Amino acid sequence: MLTLYAFSADNWRRPPREVSALMKLLGRYLETETARCLANGVRLEAIGRRDRLPASLVRMLEESERRTSAGRALTLRLALDYSSREAILDAARKASTPDGFSRLMGPDVDLLIRTSGEQRLSDFLLWECAYAEIVFTQRMWPEFDAGDLASAVEEFHRRDRRFGAVAPARRTA
């Protein structure tokens, strides 16, 4: 599963022209990349609010989700008008058990890659990232490429993930 933070709930505070351009860019992405997702077995899903997105964009998003719903190679989640704090509050209102809450929040994140030199989570998957390994990179998202991803994954595999447990004792010879 790969989740991309495409548009945060806080991004509505950007200048209207910029927001409009981002919505048009997302629409173009859905038009061009849905077929590519289908060809590669990628299932597209969106998380976040839809009620503030342009109606035409919501229709395109729903159509892309429907067309790619059989994809099994990868689930690509787009976080749109997304706020982790809002998602946590919503799950808390709906859940009646701890397991139900976790199911509403979604799967745990293993690796979070933060681009653009920022070193914060920015209200992104706060619950799901409780034990995530985080890789920070100076590379801006549009320039982030397969080599950057490979480097982040290599770094992830070098880390010792203990989830709160004590590291195993080292043998001495």
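# Notebook: confidence, fold and selected residues

I looked up confidence by element: in the chain the mean is lowest in α4, at 90, and highest in strand β2 (residues 42–47), at 98. The model is a predicted one. For the chain as a whole I noted a mean pLDDT of 94, with 97% of its residues at 70 or more.

**Entry 1. Overall layout.** I counted elements and found five helices and five strands in the chain. Read from the N terminus, their order is β-α-β-α-β-α-α-β-β-α. I then took the extent along the principal axes: the C-alpha atoms fill a box of roughly 65 × 45 × 35 Å. Of the 173 residues, 33% count as buried. For contacts with a separation of 6 or more, I found that 67% come from residues 24 or more positions apart.

**Entry 2. Helices α3 and α4.** I looked at how helix α3 (residues 84–94) meets helix α4 (residues 98–105). Their axes come within 9 Å and cross at roughly 140°. I recorded the crossing of α3 and α4 as right-handed. On the α3 side the contact is made by A87, I88, A91, A92 and K94, and on the α4 side by F101, L104 and M105. By type, the residues of this contact divide into seven nonpolar, no polar and one charged.

**Entry 3. S84.** I stayed in helix α3, where S84 lies. Is S84 buried or exposed? S84 has a relative accessible area of 0%, so I entered it as buried. A polar atom of the S84 side chain lies 2.8 Å from the backbone nitrogen of L126. I also listed what S84 touches, leaving aside its neighbours within four places in sequence: D123, F124, L125, L126 and W127. L126 is therefore on that contact list as well as being the residue whose backbone nitrogen the S84 side chain approaches at 2.8 Å.

**Entry 4. E65.** I moved to helix α2 (residues 55–67), where E65 is found. I noted its relative accessibility as 15%, and because buried means under 20%, E65 counts as buried. Which side chain makes a polar contact with the side chain of E65? I found that of R50, at 2.7 Å. A polar atom of the E65 side chain also lies 2.8 Å from the backbone nitrogen of A46. Not counting residues up to four places away in sequence, E65 touches L44, E45, A46 and R50.

**Entry 5. E63.** I checked E63, which lies in helix α2. At 34% relative accessibility, E63 counts as partly exposed. I took the C-alpha to C-alpha distance from E63 to L30 and got 9.2 Å, for a pair 33 residues apart in sequence.

**Entry 6. A73.** I placed A73 in the loop between α2 and β3 (74–82). Its relative accessibility is 60%, so I entered A73 as exposed. How many residues apart in sequence are A73 and V42? I counted 31, with the two C-alpha atoms 5.6 Å apart in space. With residues up to four places away in sequence not counted, A73 touches N40 and G41.

**Entry 7. Positive phi.** I looked for positive phi values in residues other than glycine, and made a note of S122, with phi near 55°. S122 sits in the loop between β4 (111–114) and β5 (133–136). I found S122 to be partly exposed, at 29% relative accessibility.

I made a second note for F163, where phi is about 50°, a positive value although the residue is not a glycine. Where does F163 lie? I located F163 in the segment after α5 (146–158). F163 has a relative accessible area of 49%, and because exposed means over 50%, I entered F163 as partly exposed.

Technical notes. Residues numbered from 1 in each chain as written. Predicted model: local features only at pLDDT ≥ 70, side-chain atom pairs only at ≥ 80, totals over all residues. Heavy atoms only, no water. Axes fitted to C-alpha atoms, helices over the stretch in contact; angles between N-to-C directions. Helix = DSSP H or I, 4+ residues; strand = E, 2+ residues; numbered from the N terminus. Left-handed = near helix turned anticlockwise from the far one by under 90°. Contact = heavy atoms within 4.5 Å. Nonpolar A, V, L, I, M, F, W, Y, C, P; charged D, E, K, R; others polar. Buried < 20%, exposed > 50% of the residue type's maximum accessible area, 1.4 Å probe, protein only. Polar contact = N/O pair within 3.5 Å; in protein donor to acceptor, adjacent residues only side chain to side chain. pLDDT = per-residue confidence, 0-100.
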